[in-house]
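Hi everyone, thanks for making time. Today I'd like to walk you through a structure that may be new to you, so have a look at it while I talk.

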Amino acid sequence: MNKTLTLLFNILIFSTLQGQSVSEKIAIDACKYLDSINDIKILQDSIRGSITKSMANVMMEGSLDERKQITTVEGIRGTIKKAYDILPSYCYNVRRLVIENKKTKFYGLSSNFEANKYFDKGNDYLDSKKFKKAIKEFKSAIKLDPNFIYAIDHLAISYRIQEDYNSAVKYYKKSLEIFPEGNVALLNIAVCYSKLEDDENSIKKYAELKFLYPNDPEGYFGLAKMLLIKEDYENALDNLFIAHRIYLEANSEYQKDSQKLFEFISAKLEELGKSELIERKAKENNITIKE
């Protein structure tokens, strides 16, 4: 079941679901049975039972048309399958456990000893800013282990530091093909797209990062910067306030950056005669602004 869940998670996590179908209602209801689970194995063993319970709940509370959809064997099977497919899109805890499980697989050294040797050499060269040599070593590691995420990400970093953003994007894409939820590649490819002035792809990747890692301020902060470029001040402020709150709670030095961005947006909105937007958004986000 774990392999199926992971595969469907990759495919459907960013799909836009219109309305609220029977399967969606079941998935939403199933979350309450899964929110307190902290072990991937227990989660895997609990999903089908939770969906079955939730289907019974939805049948009892649903309309006549909704109940008709799950009165046949074929209808029940199809509804259960779709609810299972979309479950990670609705349940943060399911997403979290799936990602943590995949991180243990992909964020680590290779099982190939020689690949690790090349990787270590590449890091030594990277630390000493010998980028061409670092790239050569990382590529040798990847040749021996094509799924070596650490080597792929560090290869991309080598290109990014040299401001070869197209090459960096190429390898971050390769990383995300293997591990679509990788936060390192998602954050860095979003930055690279912004450097290439590919605003739409940068926004898309920051949004994915925010969705997958809602407790990480980087997705919100990056999205705020990109939305500012698009002059979407309302959504920029929403994301900025969330990022700033997380930075404050963590006592992060990056709170200075979010403060500077806020000051810039404030000045721009004052210039446009839209200062009331700042107060409204601050109130919505429970942020106190001190003069």
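I'll go through the disulfide, then the cores, then two of the helices.

One thing up front: this is a predicted model. Keep that in mind throughout.

Let's start with the cysteines. How many disulfides does the structure hold? Just one. It joins Cys31 to Cys91, with 1.7 Å from S to S. As a reminder, a disulfide is a covalent bond between the sulfur atoms of two cysteines. So where do the two partners sit? Cys31 is in helix α2, residues 22–34, while Cys91 is in the loop between α5 (73–90) and α6 (92–106). They are 60 residues apart, so to speak a link between distant parts of the chain. Both Cys31 and Cys91 are buried. And why do we call this disulfide left-handed? Because the torsion about the S-S bond is about -90°. While we're on cysteines, Cys192 counts as buried too, because its relative accessibility is 0%.

Now the cores. In soluble globular proteins, nonpolar side chains tend to be buried together. Here, the largest nonpolar core has 35 residues, and Leu155 and Tyr172 have the most contacts inside it. Which elements give two or more residues to this core? They are α6, α7 (113–127), α8 (131–144), α9 (149–161), α10 (165–178), α11 (183–195) and α12. The largest share is from α10, with seven residues. If you zoom in on Leu155, leaving aside residues up to four places away in sequence, you'll find it touching Ile135, Phe138, Lys139, Ile142 and Tyr171. Apart from this core there is another, of 27 residues, and among them are Leu223, Ala243, Ile278 and Ala282.

On to the helices. α12 covers residues 199–212, which is 14 residues, and spans 20 Å from first C-alpha to last, close to the 20 Å expected. Its buried residues include Ile203, Tyr206, Leu209 and Leu212, and also Asp199 and Lys205.

Then there's α14, residues 233–249. With 17 residues, α14 reaches 24 Å between its first and last C-alpha, close to the expected 24 Å. Among the buried residues of α14 are Leu237, Leu240, Phe241, Ala243 and Ile246, along with Asp238, Asn239 and His244. What do the buried residues of α14 pack against? The answer is α12, α13 (217–229), α15 (255–271) and α16 (275–284). After α14 comes Asn251, and its phi is positive, near 50°.

That's my tour, thanks for listening.

How values were computed. Residues are numbered from 1 along each chain as its sequence is written. This is a predicted model: local features need pLDDT of at least 70, side-chain atom pairs count only at pLDDT 80 or more; totals for chains, interfaces and linings use all residues. Side-chain values use heavy atoms; hydrogens and water are left out. Helices (H or I, at least four residues) and strands (E, at least two) are DSSP runs, numbered from the N terminus. The expected span of a helix is 1.5 Å times one less than its number of residues. Buried means under 20% relative accessible area, exposed over 50%, partly exposed in between (1.4 Å probe, protein chains only). A disulfide is a pair of cysteine sulfur atoms within 2.5 Å. Contact means heavy atoms within 4.5 Å. A nonpolar core is a set of buried Ala, Val, Leu, Ile, Met, Phe, Trp, Tyr and Cys residues joined through side-chain atoms within 4.5 Å.
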